[in-house]
Amino acid sequence: MKKMIIKVLWTGCPKCKLLYTTVEDAAKKLKLEYEIIKIEDMQEIAKYDVMAMPALIIDDMLVLAWWSPEPDEMLDILEDISSHEGHECCGGDCESGGWCCGWCNH
C-alpha cells in the first residue's frame with residue numbers, strides 16, 4: 001500500500017480542528033501509512049477551488065468540505081479510499097451506501 005497524503009484545509013475554526021483530529025485518529029486506528037498536512041495559507045487553499053472550510057483532500061482528490069464526519073464515518077471513508085487504491089473514479093456512488101470514495105470503478 002502506498003503512503004496516503006492527507007491534507008486538511010483549514011482556517012483554525014473548531015470544525016477544522018475536529019476534522020484534523022478525526023482523520024488523524026482514524027488513520028492511526030486503521031494503521032495506514034500516511035502523511036497529514038495542515039494547509040492554512042489562503043493562497044494555497046484557493047488552488048483547491050474550495051469555498052467552505054474545513055476541507056479534506058486525500059491523494060489530491062477533494063473528499064469532503066464544510067463538515068467533519070463522526071469517527072466511525074471517517075473510518076469508513078479511509079477504509080474505502082485505501083481499498084480502492086489505483087482505480088479510476090467514475091464519479092458515481094459506491095455500492096456501499098451511496099458515498100463515493102472517488103477511486104471506485106463500477
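**Salt bridges, sheet and helices**

At 34% relative accessibility, Glu35 counts as partly exposed, because the cut-offs put buried under 20% and exposed over 50%. This value, like the others here, comes from a predicted model. Glu35 has a salt-bridge partner in Lys3, with the closest N and O atoms 3.9 Å apart. The pair ties together distant parts of the chain: Lys3 sits in the segment before E1 and Glu35 in strand E2, 32 residues apart. Lys3, at 38% relative accessibility, is partly exposed too.

In total, the structure holds 4 salt bridges. Another of them brings the side chains of Lys7 and Asp60 together at 3.5 Å, N to O. Here again distant parts of the chain are linked, with Lys7 in strand E1 and Asp60 in the loop between E3 and E4, 53 residues apart. The two ends of this bridge sit in quite unlike settings: Lys7 counts as buried at 14% relative accessibility, whereas Asp60 is exposed, with a relative accessible area of 63%. Glu44 and Lys47 also form a salt bridge, their closest N and O atoms lying 3.1 Å apart. Of these two residues, Glu44 is partly exposed at 28% and Lys47 is exposed at 64%.

Next comes the sheet. Its 4 strands line up in the order E2-E1-E3-E4, making an open sheet with mixed pairing. Strand E2 (34-39) and strand E4 (61-65) take the edges; each has a single partner strand, so one side of each has no neighbour in the sheet. From one strand to the next, the twist averages 20°. Strand E3 (residues 55-58) and E4 run antiparallel and are joined by 4 bridges. In E4, Ala65 is the bridge partner of Ala55.

Helix H1 (residues 14-29) lies across strands E1 (4-9), E2, E3 and E4, and runs at about 175° to E2. How does its length work out? At 1.5 Å a residue, the 16 residues of H1 should span 22 Å, and the end C-alpha atoms are indeed 22 Å apart, so the two agree. Buried residues of H1 are Cys16, Leu19, Tyr20, Thr22, Val23, Ala26 and Ala27. What covers them includes E1, E2, E3, E4 and H3. Just past the end of H1, Lys31 adopts a positive phi of about 55°.

Helix H3 (residues 71-83) is home to Ser82. With 16% relative accessibility, Ser82 counts as buried. The Ser82 side chain reaches the backbone oxygen of Glu79 at 3.2 Å.

Technical notes:
Residues numbered from 1 in each chain as written. Predicted model: local features only at pLDDT ≥ 70, side-chain atom pairs only at ≥ 80, totals over all residues. Heavy atoms only, no water. Helix = DSSP H or I, 4+ residues; strand = E, 2+ residues; numbered from the N terminus. Buried < 20%, exposed > 50% of the residue type's maximum accessible area, 1.4 Å probe, protein only. Polar contact = N/O pair within 3.5 Å; in protein donor to acceptor, adjacent residues only side chain to side chain. Pairing = 2+ DSSP bridges. Axes fitted to C-alpha atoms, helices over the stretch in contact; angles between N-to-C directions. Contact = heavy atoms within 4.5 Å. Expected span 1.5 Å × (residues − 1).
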